[in-house]
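This report describes the strand pairing, the nonpolar cores and the main pocket of one protein model. The sequence and the structure are shown first.

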Amino acid sequence: MSTDRPHSVSVAGVIVDDQDRALLIKRRDNGKWEPPGGVLEREETIPEALQREVLEETGIKIALPATLTGIYKNMTGLIVSMVFRCEAADGTPTTGDETRALRWATRDEVTELADEAYAIRVLDALDAVSPPAIRAHDGIKLV
């Protein structure tokens, strides 16, 4: 039996507008630009967690189902993340307890603002890659 700590599972939602821009959040805890998301709670389904996390961090309710565009493993943090391309169903982008700022970003702006490990998630979602991308990173850079 392994004594290693288990992996966490998270979801992130890349909301895309009609100008093909993605909504990024600037996190309060680390000041980084990322798509909204977080770790699944024990009793949640994946769609429930996705909808909850996006709503908590952006004030936007997303339409379900959303399209899975990638699965990413943080090799350092032991987090497996599923990223979905989403459409806004209701609400207005707003900051909250976990979000310092929000911004609609073009592809070029995404690569300037976000660390490579998070920018690729957004770019994969903008491209709506099929089948979904499967990638690994160290928390900042792809490996």
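## Pairing of β1

β1 and β4 are paired in the antiparallel sense, with three bridges between them. Within this pairing, V11 stands opposite G38 of β4. The model is a predicted one, and the pairings given here are computed from its atoms.

β1 also pairs with β7: the two strands run parallel and are joined by eight bridges. In this case S10 has S81 of β7 opposite. Because six of the eight residues of β1 are buried, this strand is largely enclosed by the rest of the structure.

## The three-stranded sheet

An open sheet is built from three strands in the order β3-β2-β9, with antiparallel pairing. Its edge strands are β3, residues 33-34, and β9, residues 99-105, each of which pairs on one side only.

The antiparallel strands β2 and β3 are joined by two bridges. One residue pair in this region is I25 with E34, the latter being the bridge partner in β3.

## Nonpolar cores

The largest nonpolar core contains 20 residues, of which V14, L24, V110, V122 and L126 touch the most other members. Two or more residues of this core come from each of β1, β2 (22-27) and α3. The largest share, eight residues, is supplied by α3. Apart from this core lies another, of twelve residues, with V11, I15, I62 and M82 among them.

L24 illustrates the surroundings of a core member. When residues up to four places away in sequence are not counted, L24 touches W33, E34, P35, A101, L102, R103, A105, V110, L113 and V122. Two of these contacts, V110 and V122, are themselves listed with L24 among the core residues that touch the most other members.

## The largest pocket

What is the volume of the largest pocket? The computed value is about 290 Å³. The pocket is lined by 20 residues, and the closest to its centre are S10, R27, E34, Y118 and R121. By class, the lining comprises seven nonpolar, eight polar and five charged residues.

At least two lining residues each are supplied by β1 (8-15), β4 (37-39), β7 (79-86) and α3 (116-127). Some residues named above for their pairing recur at this site: S10, which stands opposite S81, and E34, the bridge partner of I25, both belong to the group closest to the pocket centre. The strand β1 thus appears both in the pocket lining and in the largest nonpolar core.

Conventions: Residues numbered from 1 in each chain as written. Predicted model: local features only at pLDDT ≥ 70, side-chain atom pairs only at ≥ 80, totals over all residues. Heavy atoms only, no water. 1 Å grid on protein atoms, 1.4 Å probe; cavity = no way out; pocket = protein on both sides within 12 Å on 5 of 7 lines; lining within 4 Å. Points joined across faces, edges and corners; volume = space filled by probe spheres on them. Helix = DSSP H or I, 4+ residues; strand = E, 2+ residues; numbered from the N terminus. Nonpolar A, V, L, I, M, F, W, Y, C, P; charged D, E, K, R; others polar. Core = buried A, V, L, I, M, F, W, Y, C linked by side-chain atoms within 4.5 Å. Buried < 20%, exposed > 50% of the residue type's maximum accessible area, 1.4 Å probe, protein only. Contact = heavy atoms within 4.5 Å. Pairing = 2+ DSSP bridges.
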